[in-house]
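The following note sets out points on the pocket and the aromatic contacts of the structure shown below. It is written for a colleague who has the coordinates at hand.

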Amino acid sequence: MTKQETEDLIQEVLEVYPEKAAKDRAKHLTANDQAVDKSSKCITSNRKSLPGVMTIRGCAYAGSRGVVWGPVKDMIHISHGPVGCGQYSRAGRRNYYVGTTGVNTFTTMNFTSDFQEKDIVFGGDKKLAKIIDEIEMLFPLNKGITVQSECPIGLIGDDIEAVSKTKAEEHGKTMVPVRCEGFRGVSQSLGHHIANDSIRDWVFPKSEGKAFEATPYDVTIIGDYNIGGDAWSSRILLEEMGLRVIAQWSGDGTLAEMENTPKAKLNLLHCYRSMNYISRYMEEKHGIPWMEYNFFGPTKIEEALRKIAERFDDKIKEGAERVIEKYRPEWQAIVDKYRPRLEGKRVMLYVGGLRPRHIIGAYEDLGMEVVGTGYEFAHNDDYDRTIKEMGNATLIYDDVTGYEFEEFVKRVKPDLIGSGIKEKYIFQKMGIPFRQMHSWDYSGPYHGYDGFAIFARDMDMTLNNPCWDAITPPWKRGSADVAEAAE
């Protein structure tokens, strides 16, 4: 599509809205222009969703409990409020970890204060204190507790900070109050920020003065939640090139690793959106540099390994080249096998923090083309990074509504869609191959060279599945077929 065709498509889709709504949504949709230096000139982001439309965003609680804090495996995370939020956010992200659940790891368990009407009336501080005491009795090997506030807590004014301080002194453990009530902010993005700040205020101070045996090659993995084992497949490459990974944030991560992070020589940031806040803080406070990296697909992996190695001496640079050469035959065999089956296929993406731009290179390594991409909760600095990754005139959409996404798909006619669970069954029923790209559709890992092999297999398995021959997409149906289906 040309830029004019993409702009015409956007206007056509917006025609159904009232004038004010159309004007608002137009700011969030654009045809990509690589010549633009700042995305703020062409697209608006991190604004409240338009009332009355179906947004795909989450809330601040989801950003804190579900993304940042939830995967820390040796801490217990109390969902403080009604039971539903805790149950919905439990174990859905597939944050893999090593340990014995219920003994020394607790990631997939749901701890909730199960608020009832009387708790709203009389407050939940006493109930929270009792829960913490019970947890310490039943699960004594936990290393600490976080209190993840749900909406009612902020509305009734419970003092979770006071309870946390008191119980931390009683039990001699880290207790972290997190003010991540779901109504805060415009999406889960503020929940990431709040969680980052709680680590800064309640975890880092405890690490000051602790003994730590450092090496010149200490790095951390920040913003990798080990979905399907992603952090493990990334860590392998870093360690093979000679680096020592002293912390993973937060997939398969521990409280001790978080405390050690300010001792690192370099913080490697995978999900920029969810963890750039704490990375910037450590740079300002502790002088630790940070850099983003992308381990999706062999082209981006090679670029990332060399950029990381540039921060260290010749030993690490040689190690990076050794790793690149070691895995070249493996990934080349994958490309040789799957590229002929996937060449020329067109993909539309709509995901969360980094994948709408990071995954592009992996698709391109397989000869596929990303023809549309967008974020649920991005800020403009995310789109600044995306503009250069996307081709000119391709469609970019921010906080896209359910209606808009369906209409864009009908007109762009992609061969594959990568998005979330809310969108999955809509598009599958439309006869369009779909991959759930929040948690890898129960597959993974997708990071690293090991992950690329699984990624390629999954894309081929989805696109070339014979089941799609039995379903006809909307744009291939005749008017009579559509009328019959409507009856």
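1. In the element names used here, helices (H or I, at least four residues) and strands (E, at least two) are DSSP runs, numbered from the N terminus. The model under discussion is predicted. With that naming, H3 supplies the largest share of the lining of the largest pocket, namely five residues.

2. The volume of this largest pocket is about 920 Å³. Its lining comprises 41 residues, and those nearest the centre are Ala62, Val67, Arg93, Gln188 and His438. Two or more lining residues come from each of helix H3 (60-69), helix H4 (83-88), helix H9 (188-202), strand E6 (218-224) and helix H20 (421-429).

3. What is the make-up of the lining of the largest pocket by class? There are 15 nonpolar, 18 polar and eight charged residues in the lining.

4. Turning to aromatic contacts, a search of the whole structure gives 22 aromatic pairs. One of them joins Tyr217 and Phe312 in a tilted arrangement, with 6.3 Å centre to centre and 50° between the planes. Tyr217 is in the loop between helix H10 (204-207) and E6, while Phe312 is in the loop between helix H14 (298-309) and helix H15 (314-342), so this contact ties together parts that are 95 residues apart in sequence.

5. Are the two partners of that pair buried or exposed? Buried means under 20% relative accessible area. Tyr217 therefore counts as buried, at 15% relative accessibility, and Phe312 is likewise buried because its relative accessible area is 11%.

6. A further tilted aromatic pair is formed by Tyr350 and Tyr397, with 6.0 Å centre to centre and 55° between the planes. Tyr350 lies in the loop between strand E10 (346-349) and helix H16 (355-358), and Tyr397 lies in strand E12 (residues 395-398); the pair thus links distant parts of the chain, 47 residues apart. Both Tyr350 and Tyr397 are buried.

7. Which residues do ring pairs link into a cluster? The members are Phe296, Tyr363, Trp440, Tyr446, Phe452 and Phe455. Trp440 also has a charged neighbour: the charged end of Arg355 sits over the Trp440 ring, 4.1 Å from the ring centre.

8. A contact of an arginine with a ring also involves Arg385, which lies over the face of Tyr272 at 3.9 Å from the ring centre.

Methods. Residues numbered from 1 in each chain as written. Predicted model: local features only at pLDDT ≥ 70, side-chain atom pairs only at ≥ 80, totals over all residues. Heavy atoms only, no water. 1 Å grid on protein atoms, 1.4 Å probe; cavity = no way out; pocket = protein on both sides within 12 Å on 5 of 7 lines; lining within 4 Å. Points joined across faces, edges and corners; volume = space filled by probe spheres on them. Nonpolar A, V, L, I, M, F, W, Y, C, P; charged D, E, K, R; others polar. Phe/Tyr/Trp six-rings, centres within 6.5 Å; stacked < 30°, edge-to-face > 60°. Buried < 20%, exposed > 50% of the residue type's maximum accessible area, 1.4 Å probe, protein only. Lys NZ or Arg CZ within 6 Å of the ring centre and 35° of its normal.
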